[in-house]
Amino acid sequence: MSTLPYKRWTFKSARTPLEITSAKFSFPTNDNGDFVIPKNDILVKIHYASLNPVDNKLKHMSFLPSFSNKGMGKDYSGEIVALGSNVKKFQVGDYVQGFHPGVLSSDGTFSEYLLINTKLFMFKTEIAKVPENTTLEQAASWPLVLGTALLLTDKLPLKGKKVLVLGGATSVGRYLTQLLKIEGASDIVVSCSPRSQELIEELGATKIINYRENVLNQVLENVKDKPFDYIFDCWGGNALFPEINHVLVKGGAYRTTVGDNPGHGALALIRTHLKSLLRGLASKLHLINYRYSYVLLGNKNPGWIDRAVQYIASGKMKIFIDKVYDFEDLPEAIEFIETGQAQGKLVIKVDENEK
């Protein structure tokens, strides 16, 4: 057996701080000295990982202490350094990016290495080759947010539809607005702040709603001729529900990534899940006139990353990065993302080597 030592950011519970800890993999080697890893696995040397608000929210929800270290992080890019014998889609040396759910595992992407099991039934890691037109830094920044935008629109015909996007300047909202434009939505009404208006219009919005003013009144002004076919909420809140039957066509879709209670704490997340579950149940029982769903990226649309790569490779999607932090500065990045002021993704540089 040969060992591969590496460093990663870990924690034990919601009450314990994040810290850099040491870990190691142990693998047999072949005659050439190469690692022989499990037949369905991929070993990736991570170059960059990006931070999402949900990363720290999940830490806050780890109420029970653990004897083992828990990892953090879901987005990554890097280089494949070893492949299991059953993995035929990739080669050693390929540069890849992906989304690693890591819900039930102790690993995460804020780590020098990531071992991926390609045959997990649940919480499967999505992985794809990095398009030629993007850097590894960029590649680590988009999987969760573009993947979430794709899930928000999954199985919905978009061409010619009238759509409302709440929170168009959020990371998901920016990709969603671009996606709606590419797929031919006829009316893309987007809420954002005045400082983001010019950018969001460039991304495809046909009309802007100022979220600093009364959003409901502005939405009602936009449905005098025709209600919206779909509402995609990337911001959070419940201001539209008192007038939802006037705002949304009967049978229309209301999909949210945030729910009624936006916020960074565990309590807000729990409340959001409970309210969303109740509203989703009412939707399935046809007790309300629209289809409601609370969207979290996972295994609901497996294989989405290949479609996402096509959008990125086309050059039609603009990629947004706000700041790049050194590996040791992850806590500083978490402090900044919780201010809500980030204008793009926060990327963590795990390894300085670039393709």
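These are my notebook entries on what I looked up in this predicted model.

**Ground rules**

I am working from a predicted model, in which local features need pLDDT of at least 70 and side-chain atom pairs count only at pLDDT 80 or more, while totals for chains, interfaces and linings use all residues. Residues are numbered from 1 along each chain as its sequence is written, and side-chain values use heavy atoms, with hydrogens and water left out.

**Domains**

I began with the domain assignment, whose bounds come from an automatic or database source, and it gives domain 1 (2-141 + 319-349) and domain 2 (146-294). Taken over C-alpha atoms, the centres of domain 1 and domain 2 are separated by 30 Å. I then looked up contacts, meaning heavy atoms within 4.5 Å, and found 12 residues of domain 1 in contact with 13 residues of domain 2. The area buried between domain 1 and domain 2 (the accessible area, with a 1.4 Å probe, that two parts lose on being put together, summed over both) is about 1,200 Å², and carbon and sulfur atoms give 60% of it. Lys57, Phe320 and Gln343 supply 49% of the area that domain 1 buries against domain 2, more than any other three residues.

**The nonpolar cores**

Next I looked for nonpolar cores, each a set of buried Ala, Val, Leu, Ile, Met, Phe, Trp, Tyr and Cys residues joined through side-chain atoms within 4.5 Å. Here buried means under 20% relative accessible area, exposed means over 50%, and partly exposed is in between (1.4 Å probe, protein chains only). The largest core has 43 residues, of which Trp142, Leu146, Tyr175, Leu176, Leu180, Ile200 and Phe232 touch the most other members. Helices and strands are DSSP runs numbered from the N terminus, with H or I runs of at least four residues for helices and E runs of at least two for strands. Among the elements that each supply at least two residues of this core are helix H3 (143-152), helix H4 (171-182) and strand S12 (228-233). H3 gives the largest share of this core, seven residues. Both domain 1 and domain 2 give residues to this core, so it lies between them. I also noted a second, separate core of 28 residues, which includes Ile46, Ala49, Phe327 and Val350.

**Phe232 and the aromatic rings**

I followed Phe232 further, and at 0% relative accessibility it counts as buried. Leaving aside neighbours within four places in sequence, Phe232 is in contact with residues including Leu152, Leu156, Val163, Leu176, Leu180 and Arg255. Rings of Phe, Tyr and Trp (its six-membered ring) pair if their centres lie within 6.5 Å, with planes under 30 degrees apart counted as stacked, over 60 as edge-to-face and the rest as tilted. By this rule I have 14 aromatic pairs. One of them joins Tyr230 and Phe232, and it is tilted, at 6.0 Å centre to centre with 40° between the planes. Tyr230 is buried too, with a relative accessible area of 5%. Elsewhere, Tyr6, Phe25, Phe27, Phe35 and Tyr113 form one aromatic cluster.

I also looked for charges over rings, which needs NZ of Lys or CZ of Arg within 6 Å of the ring centre and within 35 degrees of the ring normal. Lys162 lies over the face of Phe228, at 5.1 Å from the ring centre, and Arg174 lies over the face of Phe320, at 4.7 Å from the ring centre.

**Loop residues**

Lys155 is in the loop between H3 and S9, where it has a positive phi of about 65° although it is not a glycine, and at 72% relative accessibility it counts as exposed.

The loop between helix H8 (266-284) and strand S14 (291-294) holds His286, which is not a glycine yet has a positive phi of about 60°. His286 is exposed, with a relative accessible area of 68%. Tyr290 lies in the loop between H8 and S14, but Tyr290 is buried, with a relative accessible area of 8%. Its contacts, not counting neighbours within four places in sequence, include Phe241, Ile244, Leu248, Tyr254 and Arg279.

Lys316 is in the loop between helix H9 (304-313) and strand S15 (321-326), and I find it exposed, with a relative accessible area of 58%. Lys316 touches Gln178, Ile182 and Tyr311, not counting residues up to four places away in sequence. Lys316 and Gln178 are 138 residues apart in sequence, and their C-alpha atoms are 8.1 Å apart in space.
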